[in-house]
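Trainee: I've just opened this one and I'm new to it. Could you walk me through what's there?
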Amino acid sequence: HAACLIEGADETFYATFIRGVADTMDGLDQRCRSGEGTSERITAAAGVALAYNCVLALLGFLPAAKLPESIVRYWIGDAIGITVMTPFLLLTAFRREFPQVSLESLLQGIAILAAVVVVFGITGKNQIQLSYVLLLPIVWIAVRFGFEGVTAGLLLMQVCIMVALHIGGIDAEDITNFQAVMVVLAVSGLAIGLLTSERRQA
């Protein structure tokens, strides 16, 4: 009888554990799809960047003159991870099936590549001024495929921008500027995608 009780308790424990894990994953999935907490995470990233760089400065590893620039660079890098990488990875992890690649999605990918070529194919100071062109394909994807679709589009955009920066030999200041542009693109695209998904579910 004791063995049966122990076995029954084990089954109850594992069933409760598995149910709890499933509920947690569903909760994370819903929070990711709703975009909940994105602004809070970006704000927290700014605090972390500030604290980390201040510690480096106090320990003498970072000159005080470079402290503001370093804080901005670290914060922008973390913000890109929060707004671009995190939603895509979470949605991919929780996705039960992957959508088929359509002709429109291929055209959208080509549009992203074309936008990057337009911005980075022109030399001189006009590069950053043409960054608004990068928003056009992101808006197209967000309106047509909602929150899930725009996460993939933003990831492709980020990869293309990083490759273009590497090939073009852009200096550190311009890299930071384009990373800031990418954060704005990501926040704008996720917001439009979220509104599109909510309207379709209503």
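Trainee: Where is Leu 130 found?
Mentor: This is a predicted model, and in it Leu 130 sits in the loop between α5 (126-129) and α6.
Trainee: Is Leu 130 buried or exposed there?
Mentor: Leu 130 has a relative accessible area of 18%, and because buried means under 20%, Leu 130 counts as buried.
Trainee: And how many residues apart in sequence are Leu 130 and Val 119?
Mentor: They are 11 residues apart in sequence, while their C-alpha atoms lie 5.6 Å apart in space.
Trainee: OK, stepping back, how many helices and strands are in the chain?
Mentor: The chain has seven helices and zero strands, so that reading along the sequence gives the pattern α-α-α-α-α-α-α. Of its 202 residues, 33% count as buried, and among contacts with a separation of 6 or more, 76% are between residues 24 or more positions apart.
Trainee: Now α6, what does it span between its end C-alpha atoms?
Mentor: α6 spans only 21 Å, whereas a straight helix of 34 residues would span 50 Å at 1.5 Å a residue. There is also a bend of about 140° in α6, located at Gly 146, and just after this helix Gly 169 takes a positive phi of about 65°.
Trainee: What about α3, how far does that reach?
Mentor: α3, residues 67-94, has 28 residues and reaches 39 Å from its first C-alpha to its last, which is close to the 40 Å expected at 1.5 Å a residue. There is nevertheless a kink of about 35° in α3 at Met 85, shortly before the proline Pro 87.
Trainee: Which residues of α3 are buried?
Mentor: The buried residues of α3 include Leu 67, Ser 70, Ile 71, Ile 76 and Ala 79, and further along the helix Pro 87, Leu 91 and Phe 94.
Trainee: How do the axes of α3 and α6 cross?
Mentor: The two axes come within 9 Å and cross at roughly 125°, and the helices are therefore oblique to each other. The crossing in which α3 passes α6 is left-handed.
Trainee: Which residues make that contact?
Mentor: From α3 the contact is made by Ile 80, Thr 83, Val 84, Met 85, Pro 87, Phe 88 and Leu 91, and from α6 by Phe 147, Glu 148, Thr 151, Ala 152, Leu 154, Leu 155 and Gln 158. Met 85, where α3 has its kink, is thus one of the residues in this contact.

Definitions and conventions:
Residues are numbered from 1 along each chain as its sequence is written. This is a predicted model: local features need pLDDT of at least 70, side-chain atom pairs count only at pLDDT 80 or more; totals for chains, interfaces and linings use all residues. Side-chain values use heavy atoms; hydrogens and water are left out. Helices (H or I, at least four residues) and strands (E, at least two) are DSSP runs, numbered from the N terminus. The expected span of a helix is 1.5 Å times one less than its number of residues. The bend at a residue is the angle between axes fitted to the seven residues ending there and the seven starting there. Buried means under 20% relative accessible area, exposed over 50%, partly exposed in between (1.4 Å probe, protein chains only). Axes are lines fitted to C-alpha atoms, for helices over the stretch in contact, and angles run from 0 to 180 degrees between N-to-C directions. Angles under 35 degrees count as roughly parallel, over 145 as roughly antiparallel, 65 to 115 as roughly perpendicular and the rest as oblique. A crossing is left-handed if the near helix is turned anticlockwise from the far one by less than a right angle, and right-handed if clockwise. Contact means heavy atoms within 4.5 Å.
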